[in-house]
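Dear colleague,

Please find below the structure that I am handing over to you. My findings follow directly after it.

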Amino acid sequence: MREEPRPSRVLLCLRWGIGDVVMATPSYRALRQRFPSAQIVVLGAKPATDFFDACDVADDVHAVQDFGVAHWGDRSAEASRRLTEWFHGRPSFDWIVDALHAAPA
């Protein structure tokens, strides 16, 4: 029997709108329940990140607006630089969960 990998650090990428995030909440809670010792970091847009500030799924929550992202599809050099620095300044993630294709945005 193959042993299931157990992540220690998970990045959860959120869509821009809160509706998709709310509808996916049961899967996020299942992730937390399945891997209670994993550090789950959320990266997404407000107001979706505000939702995670109020629930018990994430250990760390970051809004893309704090990096200078103004809107979905914003490709400004400054926002890209700040996000890149954030990624490189952290320990790597074992898993990136992007069920709703948020990361390319």
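Read from the N terminus, the elements of the protein follow the order β-α-α-β-α-β-α-β. That gives four helices and four strands. Please note that this is a predicted model, and that every value below is computed from it.

Overall dimensions

The radius of gyration is 14 Å, which agrees with the value near 13 Å that a compact globule of 105 residues would have. Along the principal axes, the C-alpha atoms occupy a box of roughly 45 × 30 × 20 Å. The accessible surface amounts to about 6400 Å², and carbon and sulfur atoms account for 56% of it. Of the 105 residues, 37% are buried.

Contacts and charges

If one takes the contacts between residues at least 6 apart in sequence, 66% of them join residues at least 24 apart. The protein carries 12 positive and 14 negative charges, and the mean positions of these two sets lie 3 Å apart.

Nonpolar cores

The largest nonpolar core comprises 16 residues. Within this core, the residues with the most contacts are Leu-12, Leu-14, Val-21, Tyr-28, Val-42 and Phe-52. At least two residues of the core come from each of β1 (9–13), α2 (25–34), β2 (39–44) and α3 (48–53). A separate core of twelve residues lies apart from it; its members include Cys-13, Ala-45, Val-64 and Phe-67.

Two individual residues

I looked at two charged residues in some detail, Asp-20 and Arg-90.

Asp-20 belongs to helix α1, which spans residues 18–23. Its relative accessible area is 37%; because this value falls between the limits of 20% and 50%, Asp-20 is classed as partly exposed. Ala-48 is 28 residues away from Asp-20 along the chain, and the C-alpha atoms of the two residues are separated by 8.9 Å.

Arg-90 sits in the loop that connects α4 (77–88) and β4 (95–97). Is Arg-90 buried or exposed? With a relative accessible area of 18%, Arg-90 is under the 20% limit and therefore counts as buried. Which residues is Arg-90 in contact with, leaving aside its neighbours within four places in sequence? They are Arg-9, Val-41, Asp-60 and His-62. Of these contacts, Arg-9 falls within the range of β1 (9–13), and Val-41 within that of β2 (39–44).

With kind regards

Methods:
Residues are numbered from 1 along each chain as its sequence is written. This is a predicted model: local features need pLDDT of at least 70, side-chain atom pairs count only at pLDDT 80 or more; totals for chains, interfaces and linings use all residues. Side-chain values use heavy atoms; hydrogens and water are left out. The radius of gyration is taken over C-alpha atoms; the globule rule is 2.2 Å times the number of residues to the power 0.38. Buried means under 20% relative accessible area, exposed over 50%, partly exposed in between (1.4 Å probe, protein chains only). Contact means heavy atoms within 4.5 Å. Accessible areas come from the Shrake-Rupley method with a 1.4 Å probe; for residues, only the protein chains shown count as cover. Lys and Arg count as positive and Asp and Glu as negative; His and the chain ends are not counted. The place of a charge is taken as NZ of Lys, CZ of Arg, CG of Asp or CD of Glu. A nonpolar core is a set of buried Ala, Val, Leu, Ile, Met, Phe, Trp, Tyr and Cys residues joined through side-chain atoms within 4.5 Å.
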